[in-house]
Amino acid sequence: MHFVLIATHTPETCPTSNATTRDLLLKIGPDVPDLAQKAGVEIVSGPFVNREHTIVVVVQSDKVENVDRFLMEARLPHWNRVRVLPSLTMEDALTEVQAQTPIF
């Protein structure tokens, strides 16, 4: 299953302005692909960062518990609020829509 991870932080905790967060990111950042793999998570796309203090990552895993383990190992929740959105590929979504009975 795919999961879209949306992490947001404040300007005060942003690695560009906070020395502690910066040090943590510089230490952990290079290990993120290995941490994902060890947790049973495949990074499909990202991480993408922007000036809105938002990080977006698309991952794939058999279990949401693996995604949670990856997040904790990567320490992303230590300086972000993280939303985990279970998601489908467009092909799977179209199949699901075709199988549903419209209510209107």
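Start by selecting His9 and showing everything around it: leaving aside residues up to four places away in sequence, His9 touches Cys14, Pro15, His53, Thr54, Ile55, Trp79 and Asn80. Before you go on, keep in mind that this is a predicted model.

**Stop 1: His9**

Where along the chain are you? His9 is found in the loop between strand 1 and helix 1. Is His9 buried or exposed? Its relative accessibility is 13%, and buried means under 20%, so His9 counts as buried. Now show the side chains of His9 and Asn80: the two make a polar contact with each other, at 2.8 Å.

**Stop 2: the whole chain**

Zoom out and switch to a cartoon view. You should find 4 helices and 4 strands. Trace them from the N terminus and the order reads β-α-α-β-β-α-β-α. The C-alpha trace spans about 55 × 30 × 20 Å along its principal axes. The chain has 104 residues, and 28% of them count as buried. If you draw the contacts between residues at least 6 apart in sequence, 66% of those contacts join residues at least 24 apart.

**Stop 3: the nonpolar core**

Next, select Leu5, Val41, Val59, Val67 and Phe70. These belong to the largest nonpolar core, which has 19 residues, and they are the ones that touch the most other members. Which elements supply at least two residues each to this core? They are strand 1 (2-8), helix 1, helix 2, strand 3 and helix 3.

Stay with Phe70 for a moment and light up its surroundings. Not counting residues up to four places away in sequence, Phe70 touches Leu5, Val32, Leu35, Ala36, Ala39, Val41 and Ile43. Leu5 and Val41 should look familiar, since both were in the selection you just made.

**Stop 4: the largest pocket**

Turn on a surface. Rolling a probe the size of a water molecule over the atoms shows where empty space is left. How much space lies in the largest pocket? About 570 Å³. To find the pocket, select Pro15, Leu25, Val49, Ile55 and Trp79, which lie nearest its centre among the 25 lining residues. Helix 1 (19-28), helix 2 (32-39), strand 2, strand 3 and helix 3 each give two or more residues to the lining. Colour the lining by class and you get 17 nonpolar, 6 polar and 2 charged residues. Pro15, Ile55 and Trp79 have turned up before, as residues that His9 touches.

**Stop 5: some backbone details**

Hide the surface and look at the backbone. Select Gly46 and Pro47: the peptide bond joining them is cis, with omega about 5°. Pro47 lies in strand 2, which covers residues 42-49.

Move on to His53, one of the residues His9 touches. You'll find His53 in the loop between strand 2 and strand 3 (54-60). Its phi is near 60°, a positive value in a residue other than glycine. His53 counts as partly exposed, because its relative accessibility is 21%.

Finish at Arg75, in the loop between helix 3 (64-74) and strand 4 (81-87). What is the phi of Arg75? It is positive, about 65°, although Arg75 is not a glycine. With a relative accessible area of 32%, Arg75 is partly exposed.

Terms used
Residues are numbered from 1 along each chain as its sequence is written. This is a predicted model: local features need pLDDT of at least 70, side-chain atom pairs count only at pLDDT 80 or more; totals for chains, interfaces and linings use all residues. Side-chain values use heavy atoms; hydrogens and water are left out. Buried means under 20% relative accessible area, exposed over 50%, partly exposed in between (1.4 Å probe, protein chains only). On a 1 Å grid over the protein atoms alone, a cavity is a set of points where a 1.4 Å probe fits but cannot get out, and a pocket is an open set with protein on both sides within 12 Å along at least five of seven lines; lining residues have an atom within 4 Å of a point. Grid points are joined across faces, edges and corners, and a volume is the space filled by probe spheres set on the points. Ala, Val, Leu, Ile, Met, Phe, Trp, Tyr, Cys and Pro count as nonpolar, Asp, Glu, Lys and Arg as charged, and the others, Gly among them, as polar. A nonpolar core is a set of buried Ala, Val, Leu, Ile, Met, Phe, Trp, Tyr and Cys residues joined through side-chain atoms within 4.5 Å. Contact means heavy atoms within 4.5 Å. A polar contact is a pair of N or O atoms within 3.5 Å; within protein, one must be able to donate a hydrogen and the other to accept it, and residues adjacent in sequence count only if both atoms are side-chain atoms.
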